[in-house]
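User: I'm new to this structure and would like a close look at a single part of it. Could you pick one buried spot and walk me through what surrounds it?

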Amino acid sequence: MEEAVDRLGVGRTPVYALVRSGDIESIAIGRIRRIGCDALDDFMSRMRELGHEARQLHGDTER
C-alpha cells in the first residue's frame, strides 16, 4: 500500500477509496491487502488516457 501512496502522490485514504471502488485492483492475503505494480501501472495508464480524451473533448491539444 505504501508504494501505491508514494507512486500516486496521494494519501492512504484516497488509495483505499480507489481499491474499494475497483479502480485499482488489489489482492487480499489474509487480512492484508496488496496492490501489484502492474495494477498501479494499469490505473495510471487509464487515467492518462482519460486525461487525453478529456483534453480532446475540450479542444486542448497543447498537452
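Analyst: This is a predicted model, and the mean pLDDT of the protein is 88, with 84% of its residues at 70 or more. Confidence varies among the elements: strand S1 (residues 27-29) has the highest mean pLDDT, 95, while helix H3 (residues 37-57) has the lowest, 86.

Let's look at Ile35. You will find Ile35 in the loop between strand S2 (32-34) and H3. Ile35 has a relative accessible area of 16%, so this residue counts as buried, the cut-off being under 20%.

Now for its surroundings. Setting aside neighbours within four places in sequence, Ile35 is in contact with Met1, Ala4, Val15, Val19, Ile24, Glu25, Ser26 and Leu40. Glu3 offers another view of how the chain folds back: Glu3 and Ile35 are 32 residues apart in sequence, yet their C-alpha atoms are 8.5 Å apart in space.

Step back a little, and Ile35 turns out to be part of the largest nonpolar core, a set of 11 residues. Its other members are Met1, Ala4, Val5, Val15, Val19, Ile24, Ala39, Leu40, Phe43 and Met44. Helices H1 (2-8), H2 (12-21) and H3 each supply at least two residues of this core, and H3 gives the most, with 4 residues.

Phe43 is another core member to visit. Beyond its neighbours within four places in sequence, Phe43 is in contact with Leu8, Leu18, Asp23 and Ile24. Ile24 is also on the contact list of Ile35, so you can follow the picture from Ile35 to Ile24 and on to Phe43.

Conventions:
Residues are numbered from 1 along each chain as its sequence is written. This is a predicted model: local features need pLDDT of at least 70, side-chain atom pairs count only at pLDDT 80 or more; totals for chains, interfaces and linings use all residues. Side-chain values use heavy atoms; hydrogens and water are left out. pLDDT is the predictor's confidence in each residue, from 0 to 100. Buried means under 20% relative accessible area, exposed over 50%, partly exposed in between (1.4 Å probe, protein chains only). Contact means heavy atoms within 4.5 Å. A nonpolar core is a set of buried Ala, Val, Leu, Ile, Met, Phe, Trp, Tyr and Cys residues joined through side-chain atoms within 4.5 Å.
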